[in-house]
Amino acid sequence: MEALPKKVIEIAQDINKMKIRGAGKIAQVAVEALKVVAESSNAAVTEDFMAEIKLAAKILLQTRPTAVSLPNGIRYVLWRLMQAKKTIEEVEDLKTCVINVADQFIKNSKVAIQKIGEIGARRVKDGDVILTHCHSSAVIAVIKTAWNQGKKICVNCTETRPLFQGRITARTLGQVGIPVTMIVDSATRHFINKVDKVIVGADAITANGAVVNKIGTSMIALVAHEARTPFFVAAETYKFSPETMMGDSIVLEERDSSEIISSKLLKTMKNVFIRNPSFDVTPAEYVNLIITEKGIIPPQGAVSIIQQEYQWFISNEMDTL
Ligand code: RUB
């Protein structure tokens, strides 16, 4: 079997180092990487081609553990490839299959964001103050769509420590003219009574409607719950986790301590240890609704989405990876 193309390794490294980040984007580039494998494969027999694709899938899956969009995107391609292989005998035809399916996933993913924008914007009123956390393409779509509809909204956005993804959100929204107030994460409760609704993205949504998102999200949800401020989640259906229906739980990534404090400074402190979990879990009871490209659902509807979208996975217990 040939070595994987350099581009695929680079994509895997960029996801791991967070040069490419955000659950939706991670899934899109991982699927793009499978397409690169297909485009550059010199495999002579279908078995070799399948082995190359599976190796790339394995490497990509190891890059970040929490965003369910990543395995869901990869499975989208692998499942269709495996179905195709039952009748296709030529390597070239399998390559075409991967390329087409990958393009289809990326296109669907972009359309989903657009639809979430349109559906979510209906829940945004003229004059709303929206609070968001981290940087989510789905949330940006909702806010920008509402703004483009002429709704005079403004946004409070947390810095999102330790890696400050809130700055990406602030810059993106500010650029189109939306007034943004950036606050430190811990100022959320101080400002919550001036906020009309909270909208955050998701890395994973479990069968019981819990939402896994950037660390700090569950604290914001708690604050919103106490203040009776609606808490919305904007997420494509490929963020829903079929594994959680089979009893698995979502792995919460914990990243290096150097993201919080330099190792040089840490060495000067005695008996100090750092923990750096990247994500947390917001229970369903703190979530008012989830905006998906298929419509708005209560968190309790997560299980139906999983049943509808991932029946093929559940009934086949897809253990090919
Ligand atoms: C990003 C994050 C985002 C979700 C949703 O974490 O938690 O809220 O991934 O984003 P990180 P999107 O920066 O660690 O990847 O809506 O763009 O998929």
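**Entry 1. Domains**

I began with the term itself: the domain bounds used here come from an automatic or database domain assignment. I note also that the model is predicted. For this protein the assignment gives domain 1 (6-114 + 311-320) and domain 2 (115-309). I looked up the distance between the centres of domain 1 and domain 2, taken over C-alpha atoms, and recorded 26 Å. I then looked up the contacts across the boundary: 27 residues of domain 1 are in contact with 38 residues of domain 2.

**Entry 2. The second largest pocket**

I turned next to the second largest pocket, whose volume is about 370 Å³. Its lining consists of 16 residues, and those closest to the centre of the pocket are Tyr76, Asn108, Thr237, Glu293 and Glu309. I asked which elements give two or more residues to this lining. They are α4 (69-85) and α5 (91-121). The largest share, 6 residues, comes from α5. By class, I recorded 7 nonpolar, 4 polar and 5 charged residues in the lining of this pocket.

Where does the second largest pocket lie with respect to domain 1 and domain 2? Both domains give residues to its lining, so I placed the pocket between them.

**Entry 3. The largest cavity**

I searched the whole structure for enclosed space and noted 1 cavity of 30 Å³ or more. The general idea behind such a search is that rolling a probe the size of a water molecule over the atoms shows where empty space is left. The largest cavity holds about 50 Å³ of space. I listed its lining as Met18, Arg161, Pro162, Leu163, Gln165, Lys214, Ile215, Glu259, Asn276 and Ser278. These divide into 4 nonpolar, 3 polar and 3 charged residues.

**Entry 4. Helix α11**

My last subject was helix α11 (residues 302-309), in which the buried residues are Ala302, Ile305 and Ile306. Why do these buried residues lie on the same side of α11? They cover an arc of only 100 degrees around the axis, and this puts them on one side of the helix. I set beside this a general rule: an α-helix has 3.6 residues a turn, so residues three or four places apart point the same way.

I finally looked up what the buried residues of α11 pack against, and the partners are β5 (204-205), β10 (295-297) and α12 (311-316).

Conventions. Residues numbered from 1 in each chain as written. Predicted model: local features only at pLDDT ≥ 70, side-chain atom pairs only at ≥ 80, totals over all residues. Heavy atoms only, no water. Buried < 20%, exposed > 50% of the residue type's maximum accessible area, 1.4 Å probe, protein only. Helix = DSSP H or I, 4+ residues; strand = E, 2+ residues; numbered from the N terminus. Arc of directions from axis to C-beta. Contact = heavy atoms within 4.5 Å. 1 Å grid on protein atoms, 1.4 Å probe; cavity = no way out; pocket = protein on both sides within 12 Å on 5 of 7 lines; lining within 4 Å. Points joined across faces, edges and corners; volume = space filled by probe spheres on them. Nonpolar A, V, L, I, M, F, W, Y, C, P; charged D, E, K, R; others polar.
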